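Subject: Handing over a structure, with notes

Dear colleague,

I am passing on the structure below, and after it I set out what was found in it. Please read the notes with the model open beside you.

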Amino acid sequence: MSFGTMDDPIAFDIDEIRLIDERRPLVLGWEVLSNRVLAINVEDLDQHALGAPGDFVVTRSDESGYAWSGLPVAVGSSRSAVSVLDSGLGIREQSRIYLTLPESLSTGQGYRVSLDGLVSPTGLGMTEPYFDFIYESPSGSSSIKVNQVGYARAATKIAFVGNWLGDAGPMPVDGLVFDVINAQTNQVVYTGELNLRQANDVQSGEDVYTADFSAVTQAGSYRIAVPGIGQSYAFEIRDDIYDDLYRTTMRVFYHKRNTRLSAPYAEPGFEREGIDPLLNALLHPILAEYPLSRGETAFSFKPIRAGWYDAGDYGQYIHNAAPVWGLFGLAFDLAAPGQFTDGELNIPESGNGIPDILDELDYGMTWALSMQDSDGGVYWRVTPAGWDLGLPADADEPRYVYEKTTRATGQFAAMGAIFSRLIRPYDADRADQVLAAALEAWDYTQSHPFWPPEGTLYQNPEELPGGGEYASRTAKPDLLWAAAELYRTTGDARFQDHYRRLLEEVSVDLSGAPFTTFAQWAMVKAGQPNRDILLLEQARRMLATAADIKLERAQQSSYRSPKHPYIGFTGWSNFSASPMWSLPLLQAYYLTAQPVYQDLAWQVVDIMLGANPLSQVFLTGIGERSVQDPLDRVFLNDDNAEPLPGVPVPGVTWHLSAYREPFTSVNAAYYPPESPVSDEDWASAYPVLRRYIDSHQLIPMNESTVREMAAVASAFGLMRDASLVAPLSEPLYAWEPGGGGSTSIYRLNDIPVADVPLLTPVQITAFGAEAVLATDDRLAALTPAQVAAIDAPTVPYWVAKLSLTQQFALTAAQISAFEQWSLLTALPAELVPLIPAEKMPLIGTHLRETSAAWKAAVTPAQLDAMTLEQREIMAQADQASCSTGTQILEDLRLSGEDQSFSSEKSISVTGTVEVGTQSVLTLAAPIIRFQPGFRVVAGGQLRAIAGLVTCLTPDRRADTTGSR
């Protein structure tokens with residue numbers, strides 16, 4: 001039938017149109033996972049119609065043709081999205097077939113793989129169901145995962161070995177030997193054994209083996225080689241391993257500035273114009289009608305300048321920017337002297353005598369100050385009404401200033417307190433300006449109601465809604481942080497009081513450190529003379545516990561990740577931006593000098609840099625497998641083929657919120673499926689640590705904020721050069737890593753010995769019995785004022801543990817309340833008269849154990865209250881040492897024992913009195929005379945008690961009612 005030409009068309013009717021999908025499976029490539037395992041990338045495959053092992057044949061060729069053939073012993077498959085269409089409305093998915101062979105492939109040998117078992121979803125097979133390849137042991141094997149940047153010389157160095165074969169499970173690892181090879185000479189420099197860390201790990205899908213080559217410390221370039229698998233990507237070993245990486249990640253902030261970027265400061269090709277200042281910014285009409293409105297005029301102009309674009313678009317948010325100050329402040333606290341310098345970042349301010357990282361913070365502070373209103377409140381964001389799509393210079397719509405919030409104002413107060421403290425050594429005027437603004441912000445939070453109200457979430461206005469909401473139900477954690485930072489900076493006790501009050505109302509998530517523990521770090525570092533030692537101790541315990549959580553989780557994780565172990569929580573940087581977890585570990589090392597914290601801090605960095613199941617570096621421009629397509633409007637619209645180096649991405653993500661395409665398609669593409677068959681059967685789902693697609697369309701996987709950028713840069717800055725990290729000779733704080741210590745403080749034993757004298761008497765009283773059930777060194781550290789505050793009348797023996805000076809601090813009220821004989825008998829003789837007479841029978845026959853001086857100090861009323869047995873004890877003691885006449889003592893020598901002399905009239909002492917160490921000589925009489933020439937040789941104690949004495953001589957023993 002002829003349809004004619006277009007010039008002479010013929011009309012006809014069509015009764016039915018049938019569209020037939022004639023796509024067939026297409027092999028896109030293959031990868032050798034080991035010398036027994038092939039992974040084949042296939043498009044348009046029916047995953048569920050995959051053939052049996054007999055449908056796949058691998059044959060070996062020789063000069064006479066294909067002479068050897070073998071069937072796989074196992075066939076596995078998987079599927080996932082590999083890219084997103086430019087429209088964002090669809091994905092390209094790809095399947096993988098895994099063939100496990102019965103014997104090893106031979107290097108240099110040619111093979112043919114027959115794929116008769118592959119069909120399309122419409123049942124069509126391949127046109128040519130085979131492919132040929134020559135086997136070579138791979139270099140850069142995805143089965144050997146290393147930090148693709150490298151390792152510090154003294155750091156623990158661990159590579160990971162293993163792979164996943166889809167629904168066939170973990171890849172078998174046949175040999176257990178690995179070599180470290182010099183990448184320049186190919187010489188083996190170290191041989192070790194692989195250790196199985198986790199079999200059938202559900203998070204990676206692998207049998208995870210570790211290769212520990214920490215013994216290799218010589219600087220150089222290396223690879224890990226595993227016989228039968230291949231070689232890793234190359235990496236370096238040297239002390240300054242992250243020096244360049246710090247500068248690269250830190251310079252991202254310059255390129256995020258809300259301004260024009262130009263040479264010589266911008267990276268070549270990344271010069272650009274900024275947003276027109278006349279578009280920065282208009283007051284949003286919501287400001288005229290919300291609860292904190294002060295009558296702002298809608299659409300009036302408020303100049304906003306400087307700062308950094310928050311993330312992939314050009315909005316700027318206080319909520320995301322505030323942690324930058326906390327993180328860089330933390331970096332300065334942990335850094336060695338001179339670790340951050342002027343001129344190292346090549347920014348316009350370089351050379352001004354101020355460390356470049358502080359100059360960058362100052363640039364951000366200029367923006368934050370422009371977000372503060374004249375009443376002290378702080379507007380929380382400036383964004384356009386919709387999302388930016390072009391370069392900054394392409395923006396033609398105004399940006400809007402949105403509401404003042406309690407959160408933003410509190411965060412600003414914390415930011416200002418930190419920056420004022422950091423910049424003061426370089427610019428006191430700037431420090432004063434910023435601190436004044438911070439104090440105004442704090443006062444605003446105290447004089448205005450919470451907004452949004454506590455317990456509610458912020459919602460974008462209906463008109464001109466703007467960007468992300470970043471909602472939280474409470475502003476109190478931000479006020480807690482502000483109070484702590486202001487206390488550290490000013491020493492004003494009112495901020496410590498606010499911190500104490502807010503701490504009772506805030507549940508601090510220690511697993512979220514360092515972001516959630518900025519306040520505790522500020523209290524630890526405050527060092528103010530009026531500091532509350534209980535708050536300090538609690539803060540130290542919280543920080544140490546936060547690090548212990550990281551230790552425990554890393555121990556549980558096959559790849560040593562400190563993220564939450566629950567698979568469903570994986571995402572938003574908690575695995576892939578692993579350097580942020582180094583920070584709480586370095587805090588704990590700073591406090592305790594326990595090397596286990598520092599060791600893990602260096603190890604967790606490896607995850608971001610390639611030591612992960614995908615061998616993916618979750619940074620742009622770094623390593624062999626770096627991120628190519630992060631969500632950043634500058635990189636999407638400029639003329640550069642590659643994005644700016646050093647930008648982190650959130651990385652692996654368990655689930656993409658399925659509210660739109662392409663998220664729903666990505667979730668649906670996984671095989672094995674996205675969700676497990678049951679909560680207990682995670683192995684039935686696609687492994688979470690392999691769920692990453694390098695596409696800017698997938699926001700949860702590829703858009704980071706300045707918060708994450710600052711965390712990563714801070715960590716690399718602190719570990720930029722291992723030679724700069726001086727070992728701590730003395731810990732600031734005694735803590736047993738992983739010991740499970742409580743963050744609550746109930747007893748004196750919870751306080752470090754050096755800090756005991758800093759407790760207030762009120763706090764000692766509040767301890768109750770726990771104030772004296774303490775170690776001897778803590779009791780010895782109590783001041784007299786603290787001893788006078790002890791409230792432990794029923795706890796035995798503790799008075800005897802006090803020094804004489806401490807015992808003399810006991811008050812009459814304390815002694816009157818004692819309910820234990822051991823407390824009374826341990827009193828020094830001078831305090832015996834303070835014992836209520838009615839308490840004497842409580843002592844019982846333990847009276848014998850008291851010293852002669854103690855007995856000599858007993859008052860007549862106390863004697864009258866004694867039992868008959870006690871009086872007999874007293875009489876026996878008096879008979880030995882008491883005289884009714886004058887006693888003359890000359891040249892006394894006492895060694896190793898106590899002795900007392902008493903007289904009803906007087907005692908006269910002449911010559912030398914020598915009292916040996918640990919001995920006490922007690923003299924008691926109405927009159928005690930020391931004659932000329934008398935001298936005491938240093939040693940024990942000489943006590944002279946002047947007062948009325950009545951000796952219980954044998955003829956007076958029955959009459960005990962007289963004075964004494």
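A residue is called buried when its relative accessible area is under 20%, exposed when it is over 50%, and partly exposed in between, with a 1.4 Å probe and protein chains only. Helices (H or I, at least four residues) and strands (E, at least two) are DSSP runs, numbered from the N terminus. The model is predicted, so local features need pLDDT of at least 70 and side-chain atom pairs count only at pLDDT 80 or more, while totals for chains, interfaces and linings use all residues. Residues are numbered from 1 along each chain as its sequence is written, and side-chain values use heavy atoms, with hydrogens and water left out.

Two helices first. In helix H2 (residues 318-334), 16 of the 17 residues are buried, so this helix is largely enclosed by the rest of the structure. The expected span of a helix is 1.5 Å times one less than its number of residues; for H2 that gives 24 Å, which agrees with the 25 Å between its end C-alpha atoms. Helix H6 (residues 476-490) should span 21 Å with its 15 residues, and its end C-alpha atoms are indeed 21 Å apart. Of those 15 residues 11 are buried, so H6 too is largely enclosed by the rest of the structure, and among the buried ones are Trp 481, Glu 485 and Arg 488.

Next, the sheet. Four strands form an open sheet in the order E23-E25-E27-E30, with parallel pairing, where two strands pair if DSSP finds at least two bridges between them. Strands E23 (882-883) and E30 (941-946) stand at the edges with a single partner strand each, so one side of each has no neighbour in the sheet. Strand E25 (residues 899-903) is joined to strand E27 (residues 920-925) by 4 bridges, and Ser 902 has Ala 924 in E27 as its bridge partner.

Then the aromatic rings. Rings of Phe, Tyr and Trp (its six-membered ring) pair if their centres lie within 6.5 Å, and planes under 30 degrees apart count as stacked, over 60 as edge-to-face and the rest as tilted. By this rule there are 37 aromatic pairs. One of them is the edge-to-face pair of Phe 270 and Phe 635, with 6.1 Å centre to centre and 90° between the planes. This pair links distant parts of the chain, 365 residues apart, with Phe 270 in the loop between helix H1 (243-255) and strand E19 (280-283) and Phe 635 in helix H12 (residues 633-637). Phe 270 counts as buried at 10% relative accessibility, and Phe 635 does so at 13%. There is also one aromatic cluster formed by Tyr 290, Tyr 317, Trp 380, Trp 451, Tyr 458 and Tyr 470.

Last, the enclosed space. On a 1 Å grid over the protein atoms alone, a cavity is a set of points where a 1.4 Å probe fits but cannot get out, and its lining residues have an atom within 4 Å of a point. A search of the whole structure finds 7 cavities of 30 Å³ or more, and the largest holds about 120 Å³ of space. This largest cavity is lined by 17 residues, of which Thr 405, Arg 407, Pro 452, Tyr 458 and Ser 472 lie nearest its centre.

With best wishes

Notes:
On a 1 Å grid over the protein atoms alone, a cavity is a set of points where a 1.4 Å probe fits but cannot get out, and a pocket is an open set with protein on both sides within 12 Å along at least five of seven lines; lining residues have an atom within 4 Å of a point. Grid points are joined across faces, edges and corners, and a volume is the space filled by probe spheres set on the points.
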